[in-house]
Amino acid sequence: MDPESIGRGGIMSNDIRDIASIARSFGANSNAINEGFDYAVLESARKLNSNEYKLHPQLGYISLNQRLSNDEVLAVAFQYTYRGKVYQVGEFANGSIESTSVTQNPEGGTQAVNNNSLVVKLLKSNITDVRQPIWDLMMKNIYNTGAFQLSEEDFRLSILYSDPSPINYLTPVD
């Protein structure tokens, strides 16, 4: 699903740019590709500020400075160089895609405002079910144990998970 092939004979047509027509943008593959399993739609995203994450360029990973909630989505667009060739994953908001375009209706004086969606690499979905296919598309967390010189002999690791309360929980008002 290369964003450069959008509308040029690839899997995705130009309908991917309109949030109302994303589901049909996969053409003949529309029945096989499902929202929430193969891709996620996010209507109001924002670019993180540089103080909200740390980039580790030598190791190739980013660290967020605060925890994401279960219902939050994280995605990236980036470029890298391999054997002298530059590759790009996802689309940049300041790239060749205009976020909003205004077209004039030739028959009347009305204008149409079109919002264009970006295609980016999903790092974390709002679906946390490991049995879903989208789980394999997401990047996983790396946890520092703070230990060193570990050996497999007599090694034991216990992982505990505390399910946080729902973020959108509303308390009743008297």
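This report walks through a predicted model of a single protein chain, from its overall build to a few residues worth finding.

## The chain as a whole

Let's begin with the secondary structure. The chain has eight strands and zero helices. Following the sequence from start to end, you would read the pattern β-β-β-β-β-β-β-β.

How much of the chain is buried? Of the 174 residues, 15% are buried. The accessible surface adds up to about 14500 Å², and carbon and sulfur atoms account for 50% of that area. Contacts tell another part of the story: among those with a separation of 6 or more, 40% link residues 24 or more positions apart.

## A nonpolar patch on the surface

Now look for four aromatic names: Phe78, Tyr80, Tyr82 and Tyr87. Together they form a nonpolar patch on the surface, with about 370 Å² of accessible area. Which strand gives the most to this patch? Strand β4, covering residues 78-82, does so with three residues.

Tyr87 sits in strand β5, which spans residues 85-89. Is Tyr87 buried, exposed or partly exposed? Its relative accessible area is 31%, so Tyr87 counts as partly exposed. Patch members need over 30% relative accessible area, and Tyr87 has 31%.

## One salt bridge

How many salt bridges does the structure hold? There is one. The partners are Arg46 and Glu52, whose side chains meet with 2.8 Å from N to O. The pair also appears as a polar contact between the two side chains, again at 2.8 Å.

Arg46 has a relative accessibility of 55%, so Arg46 is classed as exposed. Glu52 belongs to the segment before β1. Setting aside neighbours within four places in sequence, Glu52 touches Arg46, and also Ser63, Leu64 and Asn65.

## A buried serine

Finally, find Ser25, which is placed in the segment before β1 (53-56). Why does Ser25 count as buried? Its relative accessibility is 1%, and buried means under 20%, so Ser25 falls in that class.

What does Ser25 contact, beyond its neighbours within four places in sequence? The list is Ile11, Met12, Ser13, Asp15 and Ile16.

## Putting it together

Here is a short recap to keep beside the structure. The chain is built with eight strands and zero helices. Phe78, Tyr80, Tyr82 and Tyr87 make a nonpolar patch on the surface, Arg46 and Glu52 share a salt bridge, and Ser25 is buried.

Note on methods. Residues are numbered from 1 along each chain as its sequence is written. This is a predicted model: local features need pLDDT of at least 70, side-chain atom pairs count only at pLDDT 80 or more; totals for chains, interfaces and linings use all residues. Side-chain values use heavy atoms; hydrogens and water are left out. Patches are made of residues with over 30% relative accessible area and no salt bridge: like charges are joined within 9 Å, nonpolar side chains (Val, Leu, Ile, Met, Phe, Trp, Tyr) within 5 Å. Accessible areas come from the Shrake-Rupley method with a 1.4 Å probe; for residues, only the protein chains shown count as cover. Helices (H or I, at least four residues) and strands (E, at least two) are DSSP runs, numbered from the N terminus. Buried means under 20% relative accessible area, exposed over 50%, partly exposed in between (1.4 Å probe, protein chains only). Contact means heavy atoms within 4.5 Å. A polar contact is a pair of N or O atoms within 3.5 Å; within protein, one must be able to donate a hydrogen and the other to accept it, and residues adjacent in sequence count only if both atoms are side-chain atoms.
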